[in-house]
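Could you walk me through this structure, step by step, as someone who has not seen it before? Please keep to running paragraphs.

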Amino acid sequence: MNPSEFSLDLAGWIARIRGREMPVFGRTVDALRALIADDRASASALAKVILMDAPMTTKVLRLANSAFFNHSHQGVSTVSRAIVVLGFDPVVELALSVALIDSLLNQGIRERVHAEMARSFHAAVQARWIARKRGEGAGEEVFIAALLGRVGEMAFWCFGGEQARRLDQCLVLPGVKEEEAQQRVLGFPLRQLSHGLVKEWKLGPLVSAAMEMDSRGRGPGRSIFLAHRLARIADEGWDSIRGRQSMHEVADYLDQPVAVVKEDILANAAEAARVARVFGASEAAGLIPLTAPQPETPVPPAPADPDVRLQLRILHDLADMSLARANIADILQLVVEGVYRAIGCRRVVVALLTEDRQSLVGRIALGADADALAARFVFPMEGEPDDVLDAAIDSGEAALVDAGRLMRPGAERLVRVTACGECGVVPIGTANCQIGVLYVDCGGKPLAGECWDAIRHFALQASLAVELGATERRTFSPR
């Protein structure tokens with residue numbers, strides 16, 4: 001920290017954290033919030049944002065399979081499936097919270113960071129429980145709003161540098177209250193930094209409302225307010241005077257006996273520790289006050305690529321979706337994700353025929369520069385029998401493009417657009433009418449025999465879904 005940073009005011013700290021310390025988080029927030037704000041945003045667009053971040057993908061899937069979030073207990077192997085099972089907005093909120101926690105772990109004054117994180121996870125679980133007990137719904141939204149409610153405190157302890165060390169020293173002085181120490185060292189209380197960052201990142205009206213809520217309010221904001229107070233006072237001990245008072249306040253709000261509420265609150269604390277571990281915040285989990293030590297929950301490793309078991313799980317999901325007559329766009333998104341993650345291809349594109357069947361246009365894509373490739377993936381259907389794309393549509397022929405295939409005509413325009421001489425094209429559709437193709441490559445590496453077989457198996461599953469739905473759907477226009 002240079003000397004001028006000792007004089008940063010509130011606006012200066014907001015700008016510093018936003019622009020220098022957490023710009024990646026800010027971009028993730030922008031991308032995810034844009035999806036929520038767009039009524040036309042598709043599941044494939046959300047999946048693409050998540051899948052481009054491998055650690056986020058792993059954690060979102062882990063959370064989507066946890067009993068805390070997955071109330072239907074349906075197995076979730078893919079981001080696409082998570083969106084179907086949990087819903088669009090809950091997956092957005094999960095991704096947002098994962099991005100925040102990953103941005104803050106293992107930095108700054110660790111004890112303070114993890115203490116704030118522990119209170120936030122604790123408050124999030126308690127808030128969701130209170131809101132549901134009140135019949136207010138929006139459980140996941142309340143959870144995320146409570147988790148983000150002290151974002152300024154967490155960010156400051158991560159990135160505050162010398163100022164954070166000075167505040168840390170001031171807080172241990174006898175008789176100095178927390179907000180008084182913050183005012184003395186920084187010139188403003190850290191809750192104002194949370195307010196500012198919430199507005200700057202547009203983290204949602206519920207987060208802002210909860211920050212401004214007092215003890216007399218009602219609704220989800222009150223649930224969050226009470227949960228944060230409960231989590232903070234819990235540090236003093238559940239049987240402390242303020243701990244018992246806080247439990248009584250929650251019991252009064254829920255109109256339930258204190259004994260019943262206390263039992264649930266203690267169970268929620270244990271649940272909060274488990275949830276924090278699934279998020280990867282094990283140190284924070286250990287700071288949540290419990291009635292007894294809780295065992296560590298083992299975290300499964302991320303699947304390696306290619307992953308035969310993951311392929312089988314996704315193919316099983318695809319079969320279930322096909323039999324249930326799921327939306328073809330959702331099925332194709334799952335096919336793309338399966339080929340990308342389970343087989344380990346570098347770029348995957350589903351291209352579909354236009355309504356007049358005169359052009360083949362890239363619609364769904366994942367991988368390196370996938371959006372740019374999908375935008376370039378536009379080919380007139382000229383009916384040339386040697387052309388790999390025309391043959392895929394007209395004759396239903398899959399084509400493996402390699403050095404030998406490049407010696408013959410028909411692959412030039414595909415390679416010119418994809419800039420890859422080792423790739424594959426598999427048609428998708430019914431026996432008599434193809435609707436598009438699946439394009440894959442491994443960044444110039446040959447598509448081995450088993451890999452190519454697996455790719456065609458995924459395309460076949462997509463074609464079966466088209467066949468099953470052919471009598472019900474006369475047109476196809478994915479979002």
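What follows is a short tour that goes from the nonpolar core to some helices and then to pairs of charged residues.

Please keep in mind from the start that this is a predicted model. A good place to begin is the interior. In soluble globular proteins, nonpolar side chains tend to be buried together. Here the largest nonpolar core has 145 residues. Within this core, Met 117, Phe 121, Phe 143, Val 339, Leu 438 and Ile 455 touch the most other members. The element that gives the most to this core is helix H7, residues 110-133, with 11 residues. Apart from this core lies another one, of 25 residues, including Phe 379, Ile 393, Val 425 and Tyr 439.

Leu 438 is worth a closer look. Leaving out residues up to four places away in sequence, Leu 438 touches Val 335, Val 339, Val 348, Val 349 and Val 350, among others. Its further contacts include Gly 424, Val 425, Val 426 and Ile 428, along with Ile 455 and Ala 459.

Let us return to helix H7 and see how it meets its neighbour. Two packed helices are described by the angle between their axes and the distance between the axes. The axes of H7 and helix H8, residues 139-148, come within 8 Å and cross at roughly 150°. H7 is therefore roughly antiparallel to H8, and the crossing between H7 and H8 is right-handed. On the H7 side, the residues that meet H8 include Ser 120, Phe 121, Ala 124, Ala 127 and Arg 128. On the H8 side, Gly 139, Glu 140, Val 142, Phe 143, Ala 146 and Leu 147 take part. Phe 121 and Phe 143, which meet H7's and H8's partner residues here, are also among the core residues that touch the most other members.

H8 has a second partner, helix H14. H8 and H14 pack at an angle of about 45°, with their axes 10 Å apart. That angle makes H8 oblique to H14, and the crossing of H8 and H14 is right-handed. The residues that meet are Val 142, Ala 145 and Ala 146 in H8 and Pro 220, Ile 224 and His 228 in H14.

Further along the chain comes helix H9, residues 151-159, which is mostly covered: nine of its nine residues are buried. Among them are Gly 152, Met 154, Trp 157 and Cys 158. Phe 156 also lies in helix H9. How much of Phe 156 is accessible, and is Phe 156 buried or exposed? Its relative accessible area is 0%, so Phe 156 counts as buried. Leaving aside neighbours within four places in sequence, Phe 156 is in contact with Trp 13, Ile 17, Gln 163, Ala 164, Leu 167, Leu 186, Leu 190 and Leu 193. Phe 156 and Val 142 are 14 residues apart in sequence and 23 Å apart in space, C-alpha to C-alpha. Just after H9, Gly 161 takes a positive phi of about 55°.

Another buried residue is Ser 246, found in helix H15. Ser 246 has a relative accessible area of 3%. Leaving aside its neighbours within four places in sequence, Ser 246 is in contact with Arg 229, Leu 230 and Ile 233.

Charged residues come next. Side chains of opposite charge can pair when their charged atoms come close. A search of the whole structure finds 25 salt bridges. In one of them, Arg 119 pairs with Asp 235, the closest N and O atoms being 2.7 Å apart. This pair links distant parts of the chain, 116 residues apart: Arg 119 is in helix H7, and Asp 235 is in the loop between helix H14 and helix H15. Arg 119 is buried, at 17% relative accessible area, whereas Asp 235 is partly exposed, at 41%.

Glu 153 forms a salt bridge with Arg 150, with the closest N and O atoms 3.7 Å apart. Glu 153 counts as buried at 4% relative accessibility, and Arg 150 counts as buried at 16%. Together, Glu 116, Arg 119, Arg 150, Glu 153 and Asp 235 are linked in a network of salt bridges.

Elsewhere, Arg 413 forms a salt bridge with Asp 390, the closest N and O atoms being 3.4 Å apart. Here helix H23, which holds Arg 413, is linked to helix H21, which holds Asp 390. Arg 413 is buried at 12% relative accessibility, and Asp 390 is buried at 1%.

How values were computed:
Residues numbered from 1 in each chain as written. Predicted model: local features only at pLDDT ≥ 70, side-chain atom pairs only at ≥ 80, totals over all residues. Heavy atoms only, no water. Core = buried A, V, L, I, M, F, W, Y, C linked by side-chain atoms within 4.5 Å. Buried < 20%, exposed > 50% of the residue type's maximum accessible area, 1.4 Å probe, protein only. Helix = DSSP H or I, 4+ residues; strand = E, 2+ residues; numbered from the N terminus. Contact = heavy atoms within 4.5 Å. Salt bridge = Lys/Arg side-chain N within 4 Å of Asp/Glu carboxyl O. Axes fitted to C-alpha atoms, helices over the stretch in contact; angles between N-to-C directions. Parallel < 35°, antiparallel > 145°, perpendicular 65-115°, else oblique. Left-handed = near helix turned anticlockwise from the far one by under 90°.
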